[in-house]
Amino acid sequence: MSRRSNGATGVRPIAHHSLVDRVTDALHRAILNGDLPPGSTVSIVDLCERFSISHIPVREALRRLESEGVISLRPGRSALVATVTSDDSATSTACASWSRPICACAPDRS
């Protein structure tokens, strides 16, 4: 069966979010909300139990967050939530104020 447009207006493609995407978003929100405070240690085993998933998507999500500088992977099965400096705080406050109007209009994708 081919995937041709049927000409229907107002029909948008369904967004696909992988398990890794969803875990990354959940961890990012937990860090921004303060549920995972700066300097805290995060156990991969605990995260696997919390999300009821295997370690592979958790590990990949943590790698993504590490590439963003949000966490630092440690030897073994844990990660360290990055601490925020005053420069980082000023930047994140500015970015948050810029993104608020966009986020307010964005559809909920949970």
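Colleague: Where is Ser52 found, and does the model leave Ser52 buried or exposed?

Modeller: In this predicted model, Ser52 belongs to the loop that lies between H2 and H3. Ser52 has a positive phi of about 55° although it is not a glycine. Its relative accessibility is 65%, and because exposed means over 50%, Ser52 counts as exposed.

Colleague: At what angle do helix H2 and helix H3 pack?

Modeller: Two packed helices are described by the angle between their axes and the distance between the axes. For helix H2, residues 44-51, and helix H3, residues 55-67, the axes are 9 Å apart. The crossing of H2 and H3 is right-handed, and the angle at which they pack is about 120°.

Colleague: Which residues make that contact between H2 and H3, and how many of them are nonpolar?

Modeller: From H2 the contact takes Ile44, Leu47 and Cys48, while H3 contributes His55, Val58, Arg59 and Leu62. Sorted by character, the residues of this contact include one that is polar and one that is charged. Arg is counted as charged, and Arg59 is among the residues from H3. The number of nonpolar residues in the contact of H2 with H3 is five.

Colleague: Is Arg59 buried, exposed or partly exposed?

Modeller: Arg59 has its place in helix H3 and, leaving out residues up to four places away in sequence, touches Ile44, Leu73 and Gly76. Its C-alpha atom is separated by 9.6 Å from that of Leu47, with the two residues twelve apart along the chain. The relative accessible area of Arg59 is 23%, and because buried means under 20% and exposed over 50%, Arg59 is partly exposed.

Colleague: Which residues does Ser78 touch, and is Ser78 buried or exposed?

Modeller: Ser78 is found in strand S3 and, not counting residues up to four places away in sequence, touches Thr41, Val42, Ser43, Ile44 and Leu73. The relative accessibility of Ser78 is 14%, and because the cut-off for burial is under 20%, Ser78 counts as buried.

Colleague: How far apart in space are Ala82 and Ile71, C-alpha to C-alpha?

Modeller: Ala82 is found in the loop between strand S3, residues 78-81, and H4, and at 27% relative accessibility Ala82 counts as partly exposed. Leaving aside neighbours within four places in sequence, Ala82 is in contact with Pro38, Gly39, Gly69, Val70 and Ile71. Ala82 and Ile71 are eleven residues apart in sequence, and their C-alpha to C-alpha separation is 4.9 Å.

Colleague: What pattern does the protein follow along the sequence, and what share of the contacts with a separation of 6 or more joins residues 24 or more positions apart?

Modeller: The protein has four helices and three strands, which read along the sequence as α-β-α-α-β-β-α. Of its 110 residues, 23% count as buried. Among contacts with a separation of 6 or more, the share from residues 24 or more positions apart is 61%.

Colleague: Which element of the protein has the lowest mean pLDDT?

Modeller: The protein averages a pLDDT of 78, and 68% of the residues score at least 70. Over residues 93-110 the pLDDT is below 50, and beyond near neighbours in sequence this stretch has one contact in the model. Among the elements, H3 has the highest mean pLDDT, 95, whereas the lowest, 44, belongs to helix H4.

Definitions and conventions
Residues are numbered from 1 along each chain as its sequence is written. This is a predicted model: local features need pLDDT of at least 70, side-chain atom pairs count only at pLDDT 80 or more; totals for chains, interfaces and linings use all residues. Side-chain values use heavy atoms; hydrogens and water are left out. Helices (H or I, at least four residues) and strands (E, at least two) are DSSP runs, numbered from the N terminus. Buried means under 20% relative accessible area, exposed over 50%, partly exposed in between (1.4 Å probe, protein chains only). Contact means heavy atoms within 4.5 Å. Axes are lines fitted to C-alpha atoms, for helices over the stretch in contact, and angles run from 0 to 180 degrees between N-to-C directions. A crossing is left-handed if the near helix is turned anticlockwise from the far one by less than a right angle, and right-handed if clockwise. pLDDT is the predictor's confidence in each residue, from 0 to 100.
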